[in-house]
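Visitor: I would like to learn how to read a protein model, starting with its sheet and then moving on to helices, cores and single side chains. Could you take me through it step by step?

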Amino acid sequence: MSREVRSEEGTEYRLQMQRAAMEDMVVSEGGGGDVAKQGEGSPPTTNGGKEVDEGGGDDMVVTAFEVSGSIDYTKLIDKFGSKPLTARLLRRLENVTVKRGTVPRLHRFLRREIFFSHRDLDRICELLEGWYGVDPPSEEMKEGGEGATTDATPPGVWTPPATPCPIYLYTGRGPSSAAMHLGHLVPFLFTQWLQRAFRCPLVIQMTDDEKFLFKGSYKSEDAGDGTTGPDPHRTGDDLDRFAKLTTENAKDIVACGFDKERTFLFSDLEYVGRMYPNIVRIWRSVTVNQVNGVFGFDGTSNIGKAAFPAVQAAPSFGSSFPIVLGGNDGDRSDAAASSSTSSSAATLACLVPCAIDQDPYFRLTRDVAHRLVPRNHPLGGKPALIHSKFFPPLQGARGKMSSSDGNSAVFLTDAPEEIERKIKVHAFSGGRETRKLQEELGADLDADVSYQWLRFFLEDDEELARIGDEYGSGKGEHWSTGKVKARLAEVLKEVVGEHQERRKAVTDDVVREWMTERCIA
């Protein structure tokens, strides 16, 4: 479920909190009935899905619909029951990427703990180690925080294994507007790196159906009269608008640099038929109380809202892509051979890069996953997850960015002068009130949006460390807010400008090629 949709549903969600707290039902991983008391990794204290602090006094709110306050990511790991990305696990990632020669180094999002938590990423590494026939790195190494890995890891030379990659990636986008912002770009940049690092297939879901269900409208006067106009038989709703936005957003996604031969972009409105058997299985496995408890729906919600979570869960299972991931092109007359290609897709492990606020949703998916896969699935059907921190809005490094406020975000369509204006005028400063205090105390780097955005987009680790040292101490070239904002504006103008140039080459015909059903495994 997209962030814009979750925000819009916030009021309805809060009305459900008290009732949902009394209906604390989550699907059991062990099967044996539709409902059990508690599912995988359920938070120790919940209030209708809302994470609360048992000790009180904490302004952090992270729900399916709302992210606000000062985010304590260590506490979120504890509450959600996920696991931190340790130095050893990062070494295992290096072992199956850098040492295999697919990438020169770990992504900056990993080096800087922007992606910081996971579920079953160790199992993904285990599968890739088996694929390459290599042992995991030694356990005799220090555990550390940010920067615990070393740049001394020598890159290898890519030698493709003889068998197909045992995993695939899954991400998506809800097309609500023609212009995406930098916060939307972050997960696609990381997913593009993961695809290159793992040399694996990727499926990207465009949830045009979700956007219509949650944000669509109907006007009787817009319906055709059956005789006049360019489309006399048109309905009065705006479903077609969201379908068109899918194409526009797909152009931005293609411009991120994915490997076309390993990437399948699909619209739910067009592809849902292939996924429908799995969608039905998920519907059968999840109760209305469970969906209401997670998402806060009630009797006033349209039935599509309650049904949609199964549509978003379905791509977590490789059997939803019998041709794309299984190679079953429909031309084979041998039923046994066709079944064999489909079963290979059914046993692929799925890795989902997402923000930490998506975790409660995927816990529900993981709880029913065993019902949708054969017994030899390496993860029991569960999608693995790797969680990111939130990309902060310009107004302050608390919560996350929203596309509803144009001055809280830098959009991929912004001109260079507009980017510079937004940073200069709206980026919240962690600097002190006077030059004297700044030189004495230095800036609050955690609160400073310009520095935090540099952590996301400035590739050079040494330069970032130097800026942090100088700004945090109030001494040196980047002692002041103005200097840091100027550097950020330079970086973002380059990032957005290069993206805009790549997007110019992505036509409607190019998008159709990426969205053509074909084998990418």
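Guide: Let us begin with pairing: two strands pair if DSSP finds at least two bridges between them, and the elements themselves are DSSP runs numbered from the N terminus, helices being H or I runs of at least four residues and strands E runs of at least two. This is a predicted model, in which local features need pLDDT of at least 70 and side-chain atom pairs count only at pLDDT 80 or more, while totals for chains, interfaces and linings use all residues. Residues are numbered from 1 along each chain as its sequence is written, and side-chain values use heavy atoms, with hydrogens and water left out.

Visitor: How many bridges join strand β7 to strand β8, and which residues are partners?

Guide: Strand β7 (residues 167–173) and strand β8 (residues 202–206) run parallel and are joined by five bridges. Among the partners in β8, V203 is matched with Y170, and M206 with R173. Three bridges link β7 to strand β10 (residues 349–355), again in parallel, and there L169 has L351 as its bridge partner.

Visitor: What is the order of the strands in the open sheet?

Guide: The seven strands follow the order β5-β6-β11-β10-β7-β8-β9, with mixed pairing. Because β5 (83–84) and β9 (263–267) stand at the edges with a single partner strand each, one side of each is left without a neighbour in the sheet.

Visitor: How many residues of β7 are buried?

Guide: A residue is called buried under 20% relative accessible area, exposed over 50%, and partly exposed in between, using a 1.4 Å probe and protein chains only. Six of the seven residues of β7 are buried, so this strand is largely enclosed by the rest of the structure.

Visitor: How should I read a helix such as α18?

Guide: The expected span of a helix is 1.5 Å times one less than its number of residues. Helix α18 (residues 461–473) has 13 residues and reaches 18 Å from its first C-alpha to its last, close to the 18 Å expected. At its N-terminal end, D460 acts as a cap, with a side-chain oxygen 2.9 Å from the backbone nitrogen of E462, and just after the helix G474 takes a positive phi of about 75 degrees. The buried residues of α18 include L464, I467 and Y471; taking contact to mean heavy atoms within 4.5 Å, the buried residues of this helix pack against α16 (435–441), α17 (449–457) and α19 (481–504).

Visitor: Which residues have the most contacts inside the largest nonpolar core?

Guide: A nonpolar core is a set of buried Ala, Val, Leu, Ile, Met, Phe, Trp, Tyr and Cys residues joined through side-chain atoms within 4.5 Å. The largest one has 75 residues, and those with the most contacts inside it are L110, L182, F198, W453 and F457. Helix α7 (residues 182–198) gives the most to this core, with ten residues. A second, separate core has 38 residues, among them F214 and C354.

Visitor: Where is H377, and is this residue buried or exposed?

Guide: H377 sits in the loop between α14 (359–368) and β11 (384–388), and it counts as buried at 7% relative accessibility. A polar contact is a pair of N or O atoms within 3.5 Å; within protein, one must be able to donate a hydrogen and the other to accept it, and residues adjacent in sequence count only if both atoms are side-chain atoms. The side chain of H377 reaches the backbone oxygen of L348 at 2.9 Å.
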